[in-house]
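Colleague: I am new to this structure and would be grateful for a guided discussion. May I put my questions one at a time?

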Amino acid sequence: MLEQVTKVHDESRQGEAYAPLEGETQTYTKKFYIESYGCQMNFNDSEIVASILKEDGFGPTRNVEEASLILLNTCSIREKAETTVRRRLLEFRHIKQRNPELLVGVLGCMAERLKAKLLEEEKLVDMVVGPDAYRTLPALIEEAETGQKAVNVLLSREETYGDISPVRLDTNGVTAFVSIMRGCNNMCSFCVVPFTRGRERSRDVASILQEATDMFNRGYREVTLLGQNVDSYYWVDPQDAAIVTTFANLLEKVALISPLLRVRFSTSHPKDITDDVLFTMAKYENICKYIHLPMQSGSTRILQLMNRTYTREWYIKKVDRIREILPDCALSTDVITGFCTETEEDHQDTMTLMDYARYDLAYMFFYSERPGTLAARRYQDDVPEEVKKRRLSEVVELHRGQSLRSMQQDVGKMFKVLIEGTSKRSEDHLFGRTDHNKVVIFPKEDFRKGEYVWVKVNDCTAGTLLGVSTGRA
């Protein structure tokens with residue numbers, strides 16, 4: 001289990017219920033309620049599920065009492081998420097007692113990993129559906145309505161849901177995620193994803209471009225290309241094997257949709273990000289100069305135990321190359337403290353590598369075992385928890401200083417900001433993000449969300465830039 005301190009998941013969205021579409025006029029006799037947990041891939045999957053259910057005559061609701069179908073889209077990365085889901089299932093038991101016809105289903109990574117336990121221990125679960133089986137939901141619902149337990153957790157080597165247009169959560173109408181691939185071939189020893197989401201497969205180029213173009217035409221101004229490891233995206237045209245699209249090619253194609261469409265991507269594996277990707281980022285102003293480059297550990301020995309397939313020295317050279325081609329590129333990372341057999345020397349290697357890379361943002365965890373991973377089978381989780389937490393505190397303290405300095409260096413500078421909405425703290429202020437993914441707050445004036453404005457930064461906190469707009473960009 002990876003215990004987080006700084007947010008890797010958007011904690012404000014954990015357990016968020018899918019909202020009905022704004023302006024929806026169609027009426028539905030059957031309604032579904034879905035909560036999502038975990039990473040952005042899961043939230044994107046909930047949008048795919050919503051599309052499939054809509055075609056089957058279900059409409060979304062945020063009122064769990066009026067639902068005929070309750071779904072929990074789950075995550076297996078953290079124990080906290082699993083505990084929350086089990087608690088929610090107990091709460092739904094009371095609703096089902098009042099409405100015996102209600103169906104309850106568990107979707108996603110936890111469904112695949114814990115299928116037997118969910119059916120045997122959580123007696124109210126009617127359906128267990130893995131991440132590659134969402135197309136079968138209508139048939140599974142029909143089966144569950146007869147009183148049978150409906151299960152499909154089969155993993156696929158082909159499924160990408162490329163032909164399904166997700167029904168958007170419409171959280172702000174400005175930014176959206178577009179899934180470009182599913183699964184993962186990297187067998188990092190601490191990670192359960194390859195076992196819950198299956199092998200890596202890339203979505204066809206045409207459907208990605210169609211979805212991103214549709215988003216732009218509907219007023220969205222930023223898309224994030226999403227995958228467990230986007231840099232290994234590789235699509236071969238089934239009609240002509242000579243036509244191959246790499247991630248660098250795809251990135252360029254999406255950037256060319258419009259100069260007004262910002263493009264981001266997540267997540268990169270250090271071993272796979274290429275110079276072609278970096279040169280493509282440098283070529284197009286609308287590709288954000290921001291790379292999430294998970295380090296995990298600064299110790300070569302620990303990296304080998306993690307099966308990360310790179311060394312400390314290799315990672316440093318990758319950071320140098322990014323800064324050579326993209327001098328103004330922001331970097332973020334993931335760090336795990338207290339992995340199996342980690343010594344104080346290993347820990348200091350992590351600290352010094354963080355000093356070298358100077359990350360703008362870091363997601364920091366202490367390690368504990370997740371069932372089903374290679375580490376759980378191969379290694380002993382032998383670092384005492386108090387040592388893990390102490391090392392994590394030192395990593396967090398180091399990064400806080402780096403993050404504050406990064407913010408302070410932006411004071412006095414001008415940035416192009418995409419407005420995402422009204423500030424949560426003040427109705428008189430707007431907020432948006434810079435190219436480097438930093439949040440900026442500034443007075444509202446007559447600007448609207450979805451517009452680009454120039455903002456002069458005149459102050460900052462440890463996590464936010466404060467400024468004044470000088471006009472539309």
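Colleague: Is Cys 109 buried or exposed?

Modeller: The model is a predicted one, and Cys 109 sits within helix H3, residues 109-113. Its relative accessibility is 8%. Because the limit for burial is under 20%, Cys 109 counts as buried.

Colleague: Which residues does UniProt place under the feature "binding site"?

Modeller: The record in question is an unreviewed entry. The feature "binding site" is placed by UniProt at Cys 39, Cys 75 and Cys 109.

Colleague: What is the largest C-alpha distance among them?

Modeller: In sequence these residues are spread over 71 residues. In space they nevertheless cluster, and the largest C-alpha distance is 10.8 Å.

Colleague: Where is Cys 75 found, and is Cys 75 buried or exposed?

Modeller: Cys 75 belongs to the loop that runs between strand S5 (69-74) and helix H2 (79-98). With a relative accessibility of 4%, Cys 75 counts as buried.

Colleague: Turning to another loop, which residues are in contact with His 269, leaving aside its neighbours within four places in sequence?

Modeller: His 269 lies between strand S15 (262-266) and helix H9 (275-283), in the loop there. Its relative accessibility of 5% makes His 269 a buried residue. Leaving aside neighbours within four places in sequence, its contacts are Asn 186, Asn 229, Asp 231, Arg 308, Thr 309 and Tyr 310.

Colleague: Which residues does a cis peptide bond join?

Modeller: In general, most peptide bonds are trans. Here one bond has an omega of about 5° and is cis. Thr 267, which takes part in this bond, has its place in the loop between S15 and H9. The residues joined are Ser 266 and Thr 267.

Colleague: Thr 309 was named as a contact of His 269. What is the phi of Thr 309?

Modeller: Thr 309 lies in the loop between H10 and H11, and its relative accessible area of 54% makes it exposed. Most residues other than glycine have a negative phi. For Thr 309 phi is positive, near 65°.

Colleague: What is the phi of Asn 307, and is Asn 307 buried or partly exposed?

Modeller: Asn 307 is placed in the loop between helix H10 (300-305) and helix H11 (312-325). Its phi is a positive value near 60°, in a residue other than glycine. At 32% relative accessibility, Asn 307 counts as partly exposed.

Colleague: Which residues does Arg 203 touch, not counting residues up to four places away in sequence?

Modeller: Arg 203 is in the loop between strand S11 (201-202) and helix H7 (205-217). A relative accessibility of 4% means that Arg 203 counts as buried. Not counting residues up to four places away in sequence, Arg 203 touches Thr 160, Gly 162, Val 178, Ser 179, Ile 180, Met 181, Ile 208, Glu 211, Tyr 233 and Trp 235.

Colleague: How far apart are the C-alpha atoms of Arg 203 and Phe 415?

Modeller: Along the chain, Arg 203 and Phe 415 are 212 residues apart. The separation of their C-alpha atoms is 34 Å.

Colleague: Which residues does the annotation "domain: TRAM" cover?

Modeller: This annotation comes from an unreviewed UniProt entry. The stretch is 2% helix and 55% strand, with its end C-alpha atoms 23 Å apart. The annotation covers residues 408-471.

Colleague: Which residues are in contact with Lys 438, leaving aside its neighbours within four places in sequence?

Modeller: Lys 438 lies in the loop between strand S20 (429-433) and strand S21 (439-443). Its relative accessible area is 8%, so Lys 438 is buried. Leaving aside neighbours within four places in sequence, its contacts are Asp 360, Ser 406, Met 407, Asp 410, Gly 432, Arg 433 and Leu 465.

Colleague: Finally, what is the radius of gyration of the chain?

Modeller: The chain has 14 helices and 23 strands, and buried residues make up 57% of its 473 residues. Its C-alpha trace spans about 65 × 60 × 55 Å along the principal axes. Because a compact globule of 473 residues would have a radius of gyration near 23 Å, the chain agrees with that expectation, at 23 Å.

Technical notes:
Residues numbered from 1 in each chain as written. Predicted model: local features only at pLDDT ≥ 70, side-chain atom pairs only at ≥ 80, totals over all residues. Heavy atoms only, no water. Rg over C-alpha atoms; globule rule 2.2 N^0.38 Å. Buried < 20%, exposed > 50% of the residue type's maximum accessible area, 1.4 Å probe, protein only. UniProt positions renumbered as here; feature names shortened; annotations may be inferred. Contact = heavy atoms within 4.5 Å.
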